[in-house]
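Biologist: I am new to this structure. Please take one part, the nonpolar interior, and walk me through it closely.

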Amino acid sequence: DVAGNAATTAGGADRAVTYDATAPTLTLAQAAGQADPANNSSIQFTLTGSETLDGATITASDFTVTNGGTPTITGTGSTRTITVVASGQGAVTIAPSGTFSVSDVAGNAQGTVGGTDRTVVYDLTAPTLTLQQALAQADPTNGSSIAFTLSANEALDGTTITSSDFTATNGTVSSVTGSGASFTVTVTATGQGAVSVAPSGTFSVNDVAGNAATTAGGTDRTVTFDSVAPTLTLAQAAGQADQTNGSTIQFTLTGSETLDSATIAASDFTVTNGGTPAITGSGSTWTITVTASGEGNVTIAPSAGFSVGDTAGNLTTTAGGTDRTVTYDITAPTLTLAQAAGQADPTNGSSIQFTLSSNEALDGTTIAASDFTVTNGSAVTVTGSGTTGTLTTTATAHGAVTIVPSGAFSIAAIAGNAATT
């Protein structure tokens with residue numbers, strides 16, 4: 001001291017000063033834990049420094065906000081929370097302003113900031129949902145696992161979609177799978193027939209922002225479960241003449257339900273005395289047309305590889321039906337016109353009978369009195385069936401009563417072939 005006393009020690013503890021001439025490294029981004037999208041209008045971002053920041057240098061003017069109000073700033077140390085209230089639905093974005101300048105406590109100012117995730121979507125509208133048959137779901141189907149789709153106009157929160165959100169008829173909801181805006185609701189059929197799904201009474205599905213929808217659109221919510229093969233009948237077509245003189249002959253394949261046209265082919269049939277069949281039709285009825293190869297019986301039967309399915313995919317390898325033969329006949333009948341067997345000659349009875357006989361059954365509608373010319377007798381009456389007709393005339397005077405084919409004589413067999421002599 002001034003009196004000359006010497007001190008060899010000195011007290012005091014705060015003898016260090018940090019020299020810092022480096023500006024802090026800054027990051028501006030969506031806050032950890034901030035939902036995105038969010039249905040809360042208060043949205044948070046975080047400004048993080050590599051060291052303690054001087055709060056006095058961080059103000060609302062350091063930030064530019066899109067679709068949000070003036071930011072409020074809270075926090076200490078190296079982290080600040082910047083809270084923005086959304087102005088409307090949609091993207092809320094933050095960025096450094098043109099005057100951005102934030103300092104550390106040493107006074108080093110930073111004019112740039114890193115960070116890329118600076119947008120949060122504000123969404124308070126519930127999603128629009130559609131529940132219906134899945135796009136690739138066959139209908140009808142023979143598979144008991146049936147898929148429906150719940151689709152939305154935005155991504156959904158899968159944790160809010162459970163089996164209890166759906167009511168199934170003739171089935172049970174076995175699983176709900178999917179992600180994003182599309183989920184598959186799988187129903188296991190419990191019996192044959194219509195399997196349908198609908199939103200349950202507790203239906204509530206959220207988007208990822210937390211907005212709940214309690215209804216779902218969609219109309220096609222039913223799929224027919226059919227695991228029973230169709231019952232088939234193969235027979236002569238209704239209206240097909242038998243015998244016939246037309247070489248085109250038709251048979252019919254009839255199912256107990258709609259058949260799958262892709263499973264009906266010429267190879268499913270074996271034809272006797274006919275060409276390869278042509279197949280036409282729709283629904284449960286199909287016409288099988290065969291061209292006769294020659295006179296005689298034209299027959300059809302299921303082939304050894306016969307296999308026809310319904311639209312659900314159930315295959316039948318047999319077909320009922322017994323009338324599968326049509327006679328093709330293009331030869332005119334051979335006719336004989338003569339005195340009837342047992343007709344007395346001479347006779348004192350004025351009713352006189354002649355017989356028209358044939359080598360095959362005749363079409364009675366083609367036999368008329370005009371087919372015959374009678375001498376010394378009345379016009380004939382015609383009776384009979386099959387191959388024999390009786391022609392009865394009444395004598396008009398004593399003497400010979402004769403009958404001959406008239407100039408218009410034309411009589412046909414059942415197949416339609418006409419004899420003129």
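**Inside the cores**

Modeller: Start with the largest nonpolar core, which has 22 residues. Leu129, Phe148, Leu150, Leu156 and Phe166 touch the most other members. Keep in mind that this is a predicted model.

Several strands feed this core. Strand E10 (129-133), strand E11 (145-152), strand E14 (182-189), strand E15 (193-199) and strand E18 (222-225) each give two or more residues to the core.

Now zoom in on Leu156. Leaving aside residues up to four places away in sequence, Leu156 touches Pro127, Leu129, Leu150, Ile161 and Gly180. The list goes on with Phe183, Val205, Asn206, Asp207 and Val208. Two of these names, Leu129 and Leu150, also appear among the residues that touch the most other core members. In soluble globular proteins, nonpolar side chains tend to be buried together.

Another core lies apart from the largest one. This other core has 20 residues, including Leu253, Ile264, Phe269 and Val271.

Follow Phe269 and Val271 into the strands. Phe269 lies in strand E21, which covers 269-272. Val271 has Ile300 in E24 as its bridge partner. E21 and strand E24 (residues 296-302) pair in the antiparallel sense, over four bridges.

Step back to the sheet. Three strands form an open sheet, in the order E21-E24-E27, with antiparallel pairing. Strand E21 and strand E27 (325-328) are the edge strands, and each pairs on one side only. From one strand to the next, the twist averages 20°.

Next come the aromatic rings. The whole structure holds four aromatic pairs. In one of them, the ring centres of Phe63 and Phe100 are 6.0 Å apart and the planes stand at 70°, so the pair is edge-to-face. Phe63 lies in strand E3 (residues 63-66), and Phe100 in the loop between strand E6 (90-96) and strand E7 (102-103), so the pair ties together parts 37 residues apart in sequence. Both Phe63 and Phe100 are buried.

Phe269 takes part in a pair with Phe306. Their ring centres are 6.0 Å apart and their planes are at 70°, so the pair of Phe269 and Phe306 is edge-to-face. This pair links distant parts of the chain, 37 residues apart: Phe269 sits in strand E21, and Phe306 in the loop between E24 and strand E25 (308-309).

How buried are these two rings' residues? Phe269 has a relative accessible area of 6%, so Phe269 is buried. Phe306 is at 2% relative accessibility and therefore counts as buried.

Methods. Residues are numbered from 1 along each chain as its sequence is written. This is a predicted model: local features need pLDDT of at least 70, side-chain atom pairs count only at pLDDT 80 or more; totals for chains, interfaces and linings use all residues. Side-chain values use heavy atoms; hydrogens and water are left out. Two strands pair if DSSP finds at least two bridges between them. Axes are lines fitted to C-alpha atoms, for helices over the stretch in contact, and angles run from 0 to 180 degrees between N-to-C directions. Rings of Phe, Tyr and Trp (its six-membered ring) pair if their centres lie within 6.5 Å; planes under 30 degrees apart count as stacked, over 60 as edge-to-face and the rest as tilted. Buried means under 20% relative accessible area, exposed over 50%, partly exposed in between (1.4 Å probe, protein chains only). A nonpolar core is a set of buried Ala, Val, Leu, Ile, Met, Phe, Trp, Tyr and Cys residues joined through side-chain atoms within 4.5 Å. Contact means heavy atoms within 4.5 Å.
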